[in-house]
Amino acid sequence: MDIPYTTTARPDTGLWNAKIGIWLFLASEVMLFGGLFSAYVFLRLDALPGYWPHGLLNVPVGTMNTAILIGSSVTVVLAWAALKMRQFNRYKIYMGITILCGIIFLAVKLAYEWPDKFQHFGAYIRQDRLEKYEEYLGNHHMLERGLEPRVEITGHLHNHDALHDPNIHEYEVQLDQVNAAPTDPASDRPHFWPLPKSQKIAVIEKADVEHAEMFVPKHNTFFATYFTITGLHGLHVLGGVIVFTYFWLPIGANLYKRNPEHLANRVEVAGLFWHFVDLVWIFVFPLFYLL
Amino acid sequence: MSLKGFHIVFITFSTLLAFGCGIWCLQLVQATGAAGYTVGAICSFFAALGLVVYGFWFYRKMKRLGIFT
């Protein structure tokens with residue numbers, strides 16, 4: 001049985017069916033990501049002073065991933081154009097580069113960025129104990145400068161057992177630069193360029209801590225929204241890579257031999273999805289990494 | 001909207017992002033004086049310029065090839 005309107009326009013809509021289908025799907029995706037972005041905005045606006053972290057994500061790596069996704073959008077559109085011009089070999093090259101870009105993006109996210117966060121520790125100090133940790137928080141200095149107070153001490157946790165063992169009463173933390181030298185003017189603003197950890201170790205008593213955890217989704221609302229949105233986005237990238245690989249394999253060549261326009265239309269529809277996914281990242285990057 | 005049209009929209013947003021990154025870096029240069037942000041600003045503005053040039057190249061190429069869907 002032939003599926004109608006795969007290459008010719010349907011008379012009542014003026015478009016072939018898959019194009020209508022993908023735009024309806026993308027409309028639902030706009031609502032999905034729109035809801036998540038709205039949640040992010042309201043959670044951020046409602047955060048108490050000092051409770052919304054800045055400069056915890058690796059901006060150079062995020063920038064590289066952004067460039068990779070923009071590059072992949074260029075190559076997918078060139079792959080589609082190559083099919084329209086019936087240049088199958090060129091299509092294979094451009095599509096191969098697109099798939100590679102998607103894989104690199106996911107590899108960076110899953111093998112470097114996320115694990116790096118999972119190894120980072122943060123302890124929110126109770127409001128009535130902030131003074132005790134003044135040498136790591138520098139809130140007198142922050143107040144003088146008219147800046148938001150610091151309520152969290154971050155770094156590398158030396159005694160991981162402390163997270164689960166109630167018999168251990170303190171955390172030993174190798175401090176981040178911002179907590180090692182909190183009154184240094186260089187620490188007044190977030191470090192968007194990653195700095196090595198200091199050699200300074202702080203001992204934080206559990207009784208003084210409001211909440212302490214590795215940088216996992218439950219650590220705070222920032223990481224909850226970060227992992228939700230980038231995780232969902234990553235799943236979309238994975239979906240795109242799977243579809244592109246399907247078209248890149250011999251199955252795509254067979255379809256090209258039978259009906260090249262049909263393959264071109266399929267690649268166009270997948271390319272529209274890919275552009276949407278990349279466009280989502282264009283909003284994710286500044287919201288989470290820069291602002 | 002065709003892939004061609006959506007690609008131009010995407011490149012427009014990418015250009016705005018690159019330009020915005022440049023402004024963001026300049027603000028940090030003013031606040032911190034760190035040289036790394038100056039390099040970031042220059043790279044961002046060059047990236048924005050490159051994307052504008054690419055956008056025009058792409059539009060003309062599609063027009064020349066007659067790919068309108």
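**Exercise 1.** Determine how the lining of the second largest pocket divides into nonpolar, polar and charged residues.

*Solution.* In this predicted model, the lining of the second largest pocket divides into 18 nonpolar, 6 polar and no charged residues, where Ala, Val, Leu, Ile, Met, Phe, Trp, Tyr, Cys and Pro count as nonpolar, Asp, Glu, Lys and Arg as charged, and the others, Gly among them, as polar. A pocket is here an open set of points on a 1 Å grid over the protein atoms alone, where a 1.4 Å probe fits, with protein on both sides within 12 Å along at least five of seven lines, and lining residues have an atom within 4 Å of a point. The space in this second largest pocket is about 510 Å³, a volume being the space filled by probe spheres set on the points, which are joined across faces, edges and corners. Of its 24 lining residues, A:Thr63, B:Cys21, B:Gly40, B:Cys43 and B:Ser44 are the closest to its centre.

**Exercise 2.** Explain where the largest pocket lies with respect to domain 1 and domain 2 of chain A.

*Solution.* Domain 1 (17–44 + 53–118 + 220–290) and domain 2 (121–214) of chain A, with bounds from an automatic or database domain assignment, both give residues to the lining, so the largest pocket lies between them. Its volume is about 1200 Å³, and its lining has 25 nonpolar, 13 polar and 10 charged residues.

Residues are numbered from 1 along each chain as its sequence is written, and chains are lettered from A in the order in which they are written. Totals for linings use all residues of the model, and side-chain values use heavy atoms, without hydrogens and water.

Conventions
This is a predicted model: local features need pLDDT of at least 70, side-chain atom pairs count only at pLDDT 80 or more; totals for chains, interfaces and linings use all residues.
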